[in-house]
Amino acid sequence: MDKKKLVQIIENFAPLQLAEPWDCSGWLVETDKVDVNKVMFCLTVTDDVVKQAKAQNCDMIISHHPLFEINCHSELVSESMKPEIDIYCAHTNLDRTQGGTTDKLLETLNLTISEIGEDGFVRYSIYKTSVKDFAQKLCQISKNVRLVNNKNLTELNKIAFCAGSGSEFIKEAITNGADAYVTGDLKFHTAVESDIVLFDIGHFESEIPVLNVFKKLLQSEIEVVFAKEESPFKIIY
């Protein structure tokens with residue numbers, strides 16, 4: 001399939017105009033090949049993911065996260081310094097679009113979206129439950145759940161969500177009447193100062209469901225596979 005047409009399917013779903021100004025969503029590495037036959041989906045492009053893609057004869061990698069300068073250099077180019085595999089990324093545009101990253105997280109939890117935040121990143125769900133029961137629900141999708149409950153609240157009615165790293169939107173969640181906020185990568189001082197319940201379920205765990213969005217968009221067009229990935233954080237018992 002023409003890789004440009006493949007990308008257009010993604011961008012029709014998650015337009016690049018939705019991406020943050022600092023973001024580098026779009027083509028990360030582009031070869032001179034026109035057609036692709038097999039695509040690998042991943043959350044983060046690492047040297048290991050590139051090796052997996054090559055081993056499975058993939059022509060292209062589609063990721064959620066952009067490339068990091070510290071990785072991928074050795075595996076992305078050949079000895080002639082020509083890129084061997086196409087890499088495309090849908091990052092904050094996928095976070096913001098309806099049906100994107102946070103929406104998929106709520107779908108995985110079987111929750112209904114009641115409201116979309118002003119920033120376009122946060123989603124809200126009216127869900128009456130106890131803090132204990134909701135914590136157990138989150139533990140079903142993440143082994144890395146951390147709880148902050150400074151006010152010792154017991155019941156929840158409105159919960160805010162932002163997959164990935166969403167500490168910056170906690171004030172918005174409070175302003176919009178949320179009793180709790182679910183995200184990843186919470187910072188210490190943010191936790192100390194919070195008046196609502198916070199659940200940090202891990203950056204990886206909160207975003208990995210979105211790869212199924214790529215699958216739904218493209219599986220009828222081309223052969224697709226998932227990279228084998230896991231969170232870099234390990235639980236020590």
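**Two sheets and the helices packed on them**

Let me start with one pair of residues: Ala160 stands opposite Tyr181 of strand β9. Before going on, note that this is a predicted model. Strands β8 and β9 pair in the parallel sense, over 4 bridges.

These two strands belong to an open sheet of 6 strands, in the order β5-β6-β8-β9-β10-β7, and its pairing is mixed. At the edges stand β5, residues 115-116, and β7; each has a single partner strand, so one side of each has no neighbour in the sheet. As a general reminder, strands of a sheet pair through backbone hydrogen bonds, either parallel or antiparallel.

Two helices to mention on this sheet. Helix α5, residues 101-108, lies across β6 and β8 and runs at about 135° to β8. Helix α6 lies across β6, β7, β8, β9 and β10, at about 120° to β6.

Which residues of α6 are buried? In this helix, residues 131-139, they are Val131, Phe134, Ala135, Lys137 and Leu138. They sit on the same side of α6, because the arc they cover around the axis is only 155°. Their cover includes β6 (123-130), β7 (146-148), β8 (155-165), β9 (180-184) and β10 (197-200).

Back to α5, for one residue in it, Thr102. Is Thr102 buried or exposed? Thr102 is buried, since its relative accessible area is 3%, and the cut-off for buried is under 20%. Leaving aside residues up to four places away in sequence, Thr102 touches Phe121, Arg123, Phe161, Cys162 and Ala163. One polar contact to look at on the screen: the Thr102 side chain reaches the backbone nitrogen of Ala163 at 3.0 Å. For scale, Thr102 and Tyr124 are 22 residues apart in sequence, and their C-alpha atoms are 10.0 Å apart in space.

Now the other sheet. Here 5 strands form an open sheet in the order β1-β4-β3-β2-β11, with mixed pairing. The edge strands are β1, residues 26-29, and β11, residues 223-226; each has a single partner strand, so one side of each is left without a neighbour in the sheet. From one strand to the next, the twist averages 25°.

At the β1 edge, β1 pairs with β4, residues 86-89, in the antiparallel sense over 3 bridges. Within that pairing, Gly26 has Cys89 of β4 as its bridge partner. Helix α1, residues 3-13, packs on this sheet and touches β1, β2 (38-42), β3 (60-63) and β4; its direction makes about 10° with that of β3. Helix α2, residues 47-55, also packs on the sheet, touching β2 and β3, and its direction makes about 155° with that of β2.

Last, a closer look at α1. What caps its N-terminal end? Asp2 does, with a side-chain oxygen 2.8 Å from the backbone nitrogen of Lys4. The buried residues of α1 are Lys3, Leu6, Val7, Ile10 and Glu11. Seen down the axis of α1, they fall within an arc of 135°, so they line one face of the helix. The general rule behind such a pattern is that an α-helix has 3.6 residues a turn, so residues three or four places apart point the same way. The buried residues of α1 pack against β1, β2, β3, β4 and also α10, residues 211-218. On the face of α1 turned away from its buried side are the exposed residues Lys5 and Asn12.

Terms used. Residues are numbered from 1 along each chain as its sequence is written. This is a predicted model: local features need pLDDT of at least 70, side-chain atom pairs count only at pLDDT 80 or more; totals for chains, interfaces and linings use all residues. Side-chain values use heavy atoms; hydrogens and water are left out. Buried means under 20% relative accessible area, exposed over 50%, partly exposed in between (1.4 Å probe, protein chains only). The arc is that of the directions from the helix axis to the C-beta atoms. Contact means heavy atoms within 4.5 Å. Two strands pair if DSSP finds at least two bridges between them. Axes are lines fitted to C-alpha atoms, for helices over the stretch in contact, and angles run from 0 to 180 degrees between N-to-C directions. A polar contact is a pair of N or O atoms within 3.5 Å; within protein, one must be able to donate a hydrogen and the other to accept it, and residues adjacent in sequence count only if both atoms are side-chain atoms.
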